[in-house]
Amino acid sequence: MNKTLTIRVTKASQSRLESTNFDALAFGQIISDHMFVAEYEDGAWQNLRVEPYGPMQINPANATLHYGQSVFEGLKAYRNEAGELLVFRGDANQRRLNESAARMCIPEVPEEVFMEGMRKLLEVDREWVPRQPGCSLYIRPFIFAADDYLGIRPSRKYTFMILTSPVGKYYAKPVAVKVETQYARAIEGGTGSAKAAGNYAGSLFPALKAQKEGYDQLLWTDGKTHQYIEESGTMNVMFVINGTLITAPTTTGTILKGITRDSVLILAREMGFPVEERFLPVRELEESLLSGTLEEAFGTGTAATVAFIHLINIHGKDYLLPEKSTNAFSDRILKTLDDIKYGKVADERGWIMKF
Ligand SMILES: *Cc1c(COP(=O)(O)O)cnc(C)c1O
């Protein structure tokens, strides 16, 4: 590295730390004092800076507002016993951000801009990483088109930002999910594998409909036949049937390549737990519920790590899952992942970046 990045720092005149209740943190409600900003113009990322979090000026003709040329990431920093900050698999998030960006004609953010931006922001807002057990600092990098232009074409200017938000212990309550067979989140050739803003806007309507019917989340099926389980709205989804872990493959471009998903699969294989990456037919899921061979179902994602599913609605029928065994795979995997993330066990896989 022959060129070091210059990141200008402007500190907030007053911190909001004192007025923040770290014992009652809801997801995404509180943003830390500062944010990282970089601007893409004339083919280069420039004007790198950390500045106070606050409103920004945006022209009503901004292309993102109209056409949604925008991608995002989500990762977390954890505080270990020694007070060091541990970021879980941040390199994987950096690569995925650029994969999403490529699909949306957004220029790549170089690794050092991402990493040094995040490092500087965490340095300035270090005190925002909660000390309470089970809590963490959610990190939200995102890129959006910055041209003021109403024509449809890739923007020439972009803004890359990183926000952080202290978050509490996630929703430990098991969730009820509904298998969605009318609406689609993604189709082959579409944008499902990108963390692209519009994917989430399109999911709101069917998800809200399910919530009104009493379900927490959807289990999306393939957009063409609606016969195979794909994933949930912001989580990949896994099933333990007859002692085998089953989850959809990420080869069709319709499923987000979750980093938690990947970590769970790696750990399961290390544990010698049988794994099948294949599309689970809705019919097979229903039969396994009827015959009692479905042992566990759970979502995986950065926000919850593991979200247990206790009820699945299929074609209008509610199925309750059996009680988890005392040695349930999902409990073991959650504990293993938490131990790695909070630095309670050695980082044997190079998953932890220390700050
Ligand atoms: C972010 C996301 C996931 C989970 O990815 P992680 O890297 O594990 O946080 C799964 N599905 C969708 C649709 C997502 O947006």
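These exercises work through strands, a ligand site, cysteines and backbone angles in a predicted model.

Residues are numbered from 1 along each chain as its sequence is written. In this predicted model, local features need pLDDT of at least 70, side-chain atom pairs count only at pLDDT 80 or more, totals for chains, interfaces and linings use all residues, and side-chain values use heavy atoms, with hydrogens and water left out.

**Exercise 1. Describe the cover and the partners of strand β9.**

Step 1. Fix the terms. Buried means under 20% relative accessible area, exposed over 50%, and partly exposed in between (1.4 Å probe, protein chains only). Strands (E, at least two residues) and helices (H or I, at least four) are DSSP runs, numbered from the N terminus.

Step 2. Check the cover. β9 spans residues 175-180, and 6 of its 6 residues are buried.

Step 3. Sort the side chains. Val175, Val177 and Val179 point one way. Ala176, Lys178 and Glu180 point the other way. In a regular strand the side chains alternate between the two faces of the sheet.

Step 4. Find the partners. Two strands pair if DSSP finds at least two bridges between them. β9 pairs with β16 (residues 305-314) in the parallel sense, over 4 bridges. Here Ala176 has Leu311 as its bridge partner. β9 also runs parallel to β10 (residues 217-221), again with 4 bridges. Lys178 stands opposite Leu218 in β10.

Step 5. Add the helix. β9, helix α4 (residues 197-212) and β10 form a right-handed β-α-β unit. Right-handed means that, with the strands pointing away from the viewer, the path from the first strand over the helix to the second runs clockwise.

**Exercise 2. Do the same for strand β8.**

Step 1. Check the cover. In β8 (residues 158-167), 10 of its 10 residues are buried.

Step 2. Sort the side chains. Tyr158, Phe160, Ile162, Thr164 and Pro166 point one way. Thr159, Met161, Leu163, Ser165 and Val167 point the other way.

Step 3. Find the partners. β2 (residues 34-41) pairs with β8 in the antiparallel sense over 5 bridges. Tyr40 has Tyr158 as its bridge partner. β7 (residues 136-145) is also antiparallel to β8, joined by 10 bridges. Ile139 stands opposite Thr164.

**Exercise 3. Map the ligand contacts.**

Step 1. List the surroundings. 15 residues surround the ligand (a heavy atom within 4 Å). The closest are Lys195, Tyr200, Glu231, Thr260 and Thr302.

Step 2. Pick out polar contacts, here pairs of N or O atoms within 3.5 Å. A side-chain N or O atom of Glu231 is 2.5 Å from a ligand nitrogen atom. A polar side-chain atom of Thr260 lies 2.7 Å from a ligand oxygen atom. Ile259 uses a backbone N or O atom, 2.8 Å from an oxygen atom of the ligand.

Step 3. Read the cover. Taken alone, the ligand exposes 380 Å², and the protein buries 96% of that. These areas come from the Shrake-Rupley method with a 1.4 Å probe.

**Exercise 4. Count the disulfides and place two cysteines.**

Step 1. Apply the rule: a pair of cysteine sulfur atoms within 2.5 Å. The count is 0.

Step 2. Check accessibility. Cys105 is partly exposed at 49%. Cys135 is buried at 8%.

**Exercise 5. Place two residues with positive phi.**

Step 1. Recall the background. Most residues other than glycine have a negative phi.

Step 2. Take Thr305. Its phi is about 65 degrees. Thr305 belongs to β16 and is buried, at 4% relative accessibility.

Step 3. Take His315. Its phi is about 45 degrees. His315 sits in the loop between β16 and β17 (317-320) and is exposed, at 56%.

How values were computed
A polar contact is a pair of N or O atoms within 3.5 Å; within protein, one must be able to donate a hydrogen and the other to accept it, and residues adjacent in sequence count only if both atoms are side-chain atoms.
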